[in-house]
Amino acid sequence: MERKTLPPELLLEQYRDLLREDGVEALPLVISGSSMTPFLAGGRDTVYLSRLMRPVRRGDMVLYRRDNGAYVLHRVYRVGPEGCTMVGDAQTVPEPGIREDQFLAVVTRAVRR
């Protein structure tokens, strides 16, 4: 299989559209960055993204888009009426106020190499 590298914004916009189609169960994404270490390592590990079929729960790993346009893969730390609080495994400062409409996909499988 040939491996291609695309700018994250372009790739994730395509993924968002593909995940809305019937028949698409999961799409692979090689992790970049270090916010999810030690569980996931950037450039080494792959997650499989699926469309959200249920409300998110504490502990789910979710791909979301911040209001500034940045795509982030973090865990749900807390679900509340004001939105979700997200945090990376390697972070100590939670990010509150993430809305449901910002969620793009949930991680259904991780492959660590």
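C84 stands opposite I98 in strand 6. This pairing belongs to a predicted model, in which strand 5 and strand 6 (residues 95-98) run antiparallel and share two bridges. On strand 4, R78 faces T85 of strand 5. The points below cover these strands, the nonpolar cores, and the surroundings of S50 and R75.

**Strand 5 and its partners**

- Strand 5 spans residues 83-87 and is mostly covered, with five of its five residues buried.
- Strand 4 and strand 5 are antiparallel and are joined by five bridges.
- The connection from strand 4 to strand 5 is a hairpin through two residues.
- With strand 6, strand 5 pairs over two bridges, again in the antiparallel sense.

**Nonpolar cores**

- In soluble globular proteins, nonpolar side chains tend to be buried together.
- The largest nonpolar core here has 18 residues, and those touching the most other members are Y15, L29, L40, V47, L49, L63 and L73.
- At least two residues of this core come from each of helix 1 (8-19), strand 1 (27-30), strand 2 (46-50), strand 3 (61-65), strand 4 (71-80) and strand 7 (103-111).
- Helix 1 gives the largest share of this core, namely four residues.
- Another core, of 10 residues, lies apart from the largest one, and its members include V56, V76, M86 and F103.
- Not counting residues up to four places away in sequence, L29 touches L11, L12, Y15, D45, T46, V47 and L49.

**S50**

- S50 is located in strand 2.
- S50 counts as buried because its relative accessibility is 8%, and the cut-off for buried is under 20%.
- A polar atom of the S50 side chain lies 2.7 Å from the backbone oxygen of E25.
- The side chains of S50 and T108 make a polar contact at 3.2 Å.
- Setting aside residues up to four places away in sequence, S50 touches L19, E25, A26, A105, V106 and T108.
- E25 and T108 therefore appear both among the residues that S50 touches and as polar partners of its side chain, while S50 itself is buried at 8% relative accessibility.

**R75**

- R75 is found in strand 4.
- With a relative accessible area of 22%, R75 is partly exposed, because that class lies between the limits of 20% for buried and 50% for exposed.
- The charged end of R75 sits over the ring of F39, at 5.3 Å from the ring centre.
- A polar atom of the R75 side chain lies 3.3 Å from the backbone oxygen of G59.
- Beyond its neighbours within four places in sequence, R75 is in contact with M36, F39, G59, D60, M61, T85, M86, V87 and D89.
- R75 and D101 are 26 residues apart along the chain, and their C-alpha atoms are separated by 16 Å.

**Aromatic rings**

- Over the whole structure, a search for aromatic pairs finds zero.
- The ring of Y48 has the charged end of R109 over it, 4.1 Å from its centre.
- The ring of F39 has the charged end of R75 over it.

Technical notes. Residues numbered from 1 in each chain as written. Predicted model: local features only at pLDDT ≥ 70, side-chain atom pairs only at ≥ 80, totals over all residues. Heavy atoms only, no water. Phe/Tyr/Trp six-rings, centres within 6.5 Å; stacked < 30°, edge-to-face > 60°. Lys NZ or Arg CZ within 6 Å of the ring centre and 35° of its normal. Core = buried A, V, L, I, M, F, W, Y, C linked by side-chain atoms within 4.5 Å. Buried < 20%, exposed > 50% of the residue type's maximum accessible area, 1.4 Å probe, protein only. Contact = heavy atoms within 4.5 Å. Polar contact = N/O pair within 3.5 Å; in protein donor to acceptor, adjacent residues only side chain to side chain. Pairing = 2+ DSSP bridges.
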